[in-house]
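Please open the model in your viewer and keep the side chains ready to display. The tour below moves from one selection to the next, with rings as its theme.

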Amino acid sequence: MRKLVASMLMTLDGVVENQHLWTVPFRSEESQTYKLDELFASDALLLGRVTYQLLAAAWPGASGAYGERINRMPKYVPTSTLQEAEWNATFMKDKVAEEVTRLKQEPGQDILIFGSSELIRSLMQEDLIDEYRLMIFPIVVGTGKRLFSGEGPQKEFTLAQSHTFSSGVVVLTYEPQRKEKGIATNHP
């Protein structure tokens, strides 16, 4: 069974939007290598509509290992508004949770979600995300969209891994605790 991995860049105060404004001073070769390895450990992308449109406008035709990989990967996009799929995308029009469950049951590598905070929150409610990789940047921006809005039921997580870059950026990898018959477990 494939893992569904939510990968998110965020500030120390939890903001996830306008990343181009606050990530640049912290970019390093080691963080780029980490993101390249993350992409190559996956063989499909699940993207929210807005993230898909932003990436589809920027990445087609990109070269290098990262560009070539992201351009070849199949992309799955839940949307009720887009009509013409481009950039190797398939649109999910109905029953997104069922479609994602089906994708997870197919053989292959991880399915990676980039950005797409609304999609992540909706899939979190369905307990479909197996791993959260939060790349936290040592900056506070004060205002902006946050991944965790405080809505919905309480969720508990187990820290599975942490990685610190010399820039001060930290990647915290969490797995959701799932309850089976009254017993908490970290297994999907």
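Over the face of which residue does K75 lie, and at what distance from the ring centre? Select K75 together with W87 in this predicted model, and you will find K75 placed over the face of W87, at 4.2 Å from the ring centre. Next, select R69 and F40, where R69 lies over the face of the F40 ring, at 4.9 Å from its centre.

Now turn to contacts between rings, of which a search of the whole structure finds eight, counted as aromatic pairs. Begin with W22 and F137, whose ring centres are 5.5 Å apart and whose planes stand at 75 degrees, so that the pair is edge-to-face. Because W22 belongs to helix α1 (residues 19-22) and F137 to strand β6 (residues 131-137), this pair ties together parts that are 115 residues apart in sequence. Both W22 and F137 are buried. Add F26 to the selection, and the display shows a cluster in which ring pairs link W22, F26 and F137.

For the next stop, select Y52 and F91, an edge-to-face aromatic pair with 5.8 Å from centre to centre and 90 degrees between the planes. Colouring by secondary structure helps here, since this pair links distant parts of the chain, with Y52 in helix α3 (residues 49-58) and F91 in strand β4 (residues 89-92), 39 residues apart. Are these two rings buried or exposed? Y52 has a relative accessible area of 3% and is therefore buried, while F91, at 14% relative accessibility, also counts as buried because the cut-off is under 20%.

Definitions and conventions: Residues are numbered from 1 along each chain as its sequence is written. This is a predicted model: local features need pLDDT of at least 70, side-chain atom pairs count only at pLDDT 80 or more; totals for chains, interfaces and linings use all residues. Side-chain values use heavy atoms; hydrogens and water are left out. Rings of Phe, Tyr and Trp (its six-membered ring) pair if their centres lie within 6.5 Å; planes under 30 degrees apart count as stacked, over 60 as edge-to-face and the rest as tilted. Helices (H or I, at least four residues) and strands (E, at least two) are DSSP runs, numbered from the N terminus. Buried means under 20% relative accessible area, exposed over 50%, partly exposed in between (1.4 Å probe, protein chains only). A charge sits over a ring if NZ of Lys or CZ of Arg is within 6 Å of the ring centre and within 35 degrees of the ring normal.
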